[in-house]
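Open the model in your viewer and keep the selection tool at hand. The stops below tell you what to select and what is there.

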Amino acid sequence: MDLHILDHRLRVTSICKNGLVNFTHPLIKLIFLRNRARCKFFSLTETPENYTVVLDEEGFKELQPSEHLLVESSVWLPLNVVSNGNSSSSSQAVGVTKIAKSVIAPLAQQHVSVFMLSTYQTDFILVREKDLAVVINTLEEEFNIYREVGGEYSAVLSQHVHNGFQKNGKEAPQLTVHPLLIPQNQFCVMSLDPDTLPAIATTLIDVLFYSNSPKEGALPSQDLDCIKFFSFSLIDGYVSLVMDTEAQRQFPADLLFTSSSRELWRMVRIGGQPLGFDECGIVAQISQPLADNNISAYYISTFSFDHALVSKPLAADVTGTGTQLYTTEHGVQNFRRGYVLILTNRGHCSPLDKG
């Protein structure tokens with residue numbers, strides 16, 4: 001398999017809901033006027049707390065500094081796995097797979113934090129630019145690694161570095177508990193021809209900017225029936241949409257397309273309090289049981305929480321919402337059997353710590 005380091009330097013940001021009015025113009029420009037913005041990698045995800053915006057340097061220039069804008073300090077690089085000659089522009093959603101696991105698990109063992117972004121077309125595994133040498137050194141035996149520069153790929157050789165995250169076995173891990181929330185929404189993972197974006201402009205703007213959402217700072221409770229979640233990505237000319245069935249009904253059915261099975265997905269939301277960007281191993285522990293059981297999944301990391309999507313028939317086996325995931329500073333210590341059940345009955349993964 002080949003591992004591609006894509007030619008994007010990304011920033012992960014968060015826009016407060018009560019400050020969205022300050023960013024509607026640049027966001028609309030990034031969505032509908034991509035030639036003027038020259039942004040090649042753009043993702044906008046609304047959750048009950050905020051809007052997570054992941055975008056390249058050209059797109060980041062469009063966001064003016066503001067008290068309503070939080071910016072994670074690191075520059076992130078997207079990785080993409082290419083297997084059997086298939087590129088990242090497949091025609092059907094497959095979600096987090098064994099291929100993604102083969103990247104995520106080794107990185108977790110080296111305590112490299114990742115930020116996952118699954119789209120209709122592929123899975124993007126974001127790593128910090130400062131960790132790239134460690135990433136290459138960790139994955140070079142499993143993958144042929146290529147880096148994209150100006151649209152051309154060239155082979156990358158290991159820099160034979162030792163990362164500074166090696167376990168010394170002396171520190172007692174601090175146990176962290178991450179509760180899970182399973183809302184009742186049913187979600188769709190869809191795409192459309194980017195040339196048809198003008199035809200859905202009014203609807204997309206209404207759903208993104210004028211929908212009724214929980215108040216700023218309100219965290220969902222464990223008994224929340226539904227959750228506000230809408231994700232739009234425009235990456236290298238491909239559009240991906242993740243929305244619940246209520247939002248889907250607002251769009252013209254003839255413009256959106258999905259896989260032939262038209263499956264619906266249920267969500268597992270990870271974290272009771274906002275997650276950090278330095279905690280490692282969560283995505284690996286989620287993707288492992290899914291891949292072992294050949295379960296397709298989507299995983300979307302946001303600025304505050306992680307969100308895993310699994311197909312509706314499998315999610316029907318999930319019972320209760322009180323399951324907790326136990327993690328440590330350097331990864332997962334253990335987790336209850338109930339959490340494994342949820343994982344093997346879901347369909348998507350996302351980095352908890354962004355990793």
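Select Phe 42 and Leu 55: Leu 55 lies in strand 4 and is the bridge partner of Phe 42. This is a predicted model, in which local features need pLDDT of at least 70, side-chain atom pairs count only at pLDDT 80 or more, and totals for chains, interfaces and linings use all residues. Residues are numbered from 1 along each chain as its sequence is written, and side-chain values use heavy atoms, with hydrogens and water left out.

**Strand 4 and its partners**

Helices (H or I, at least four residues) and strands (E, at least two) are DSSP runs, numbered from the N terminus. Two strands pair if DSSP finds at least two bridges between them. Show strand 3 with strand 4: they pair in the antiparallel sense over five bridges, and they form a hairpin with three residues between them. Now add strand 2 (residues 10-16), which runs antiparallel to strand 4 and is joined to it by seven bridges. Here Val 12 stands opposite Val 54 of strand 4.

Is strand 4 buried or exposed? Buried means under 20% relative accessible area, exposed over 50%, and partly exposed in between (1.4 Å probe, protein chains only). Seven of the seven residues of strand 4 are buried, so the strand is largely enclosed by the rest of the structure. On one side select Asn 50, Thr 52, Val 54 and Asp 56, and on the other Tyr 51, Val 53 and Leu 55; both faces are covered.

**The largest core**

A nonpolar core is a set of buried Ala, Val, Leu, Ile, Met, Phe, Trp, Tyr and Cys residues joined through side-chain atoms within 4.5 Å. The largest one here has 33 residues, and Leu 27, Phe 42, Phe 230 and Phe 232 have the most contacts inside it. Elements giving two or more residues to this core include helix 1 (24-32), strand 3 (41-46), strand 4 (50-56) and helix 6 (201-209). Helix 6 gives the most, with four residues.

Next select Leu 27. Leaving aside residues up to four places away in sequence, Leu 27 touches Ile 15, Leu 20, Phe 42, Val 53, Leu 63 and Phe 209; contact means heavy atoms within 4.5 Å.

Move to helix 6, whose buried residues are Ala 201, Thr 203, Leu 204, Val 207, Leu 208 and Phe 209. Their cover includes helix 1, strand 3, strand 4 and strand 13.

**Aromatic rings**

Rings of Phe, Tyr and Trp (its six-membered ring) pair if their centres lie within 6.5 Å; planes under 30 degrees apart count as stacked, over 60 as edge-to-face and the rest as tilted. The structure holds 10 aromatic pairs. Select Phe 41 and Phe 124, an edge-to-face pair at 5.3 Å centre to centre, with 75° between the planes. Phe 41 is in strand 3 and Phe 124 in strand 8 (residues 123-128), 83 residues apart. Both Phe 41 and Phe 124 are buried.

Then select Phe 115 and Phe 277, a stacked pair at 6.3 Å centre to centre, with 5° between the planes. Phe 115 lies in strand 7 (residues 114-118) and Phe 277 in the loop between strand 15 (265-270) and helix 8 (282-292), so the pair ties together parts 162 residues apart in sequence. Add Trp 76 and Phe 303 to see one aromatic cluster of Trp 76, Phe 115, Phe 277 and Phe 303.
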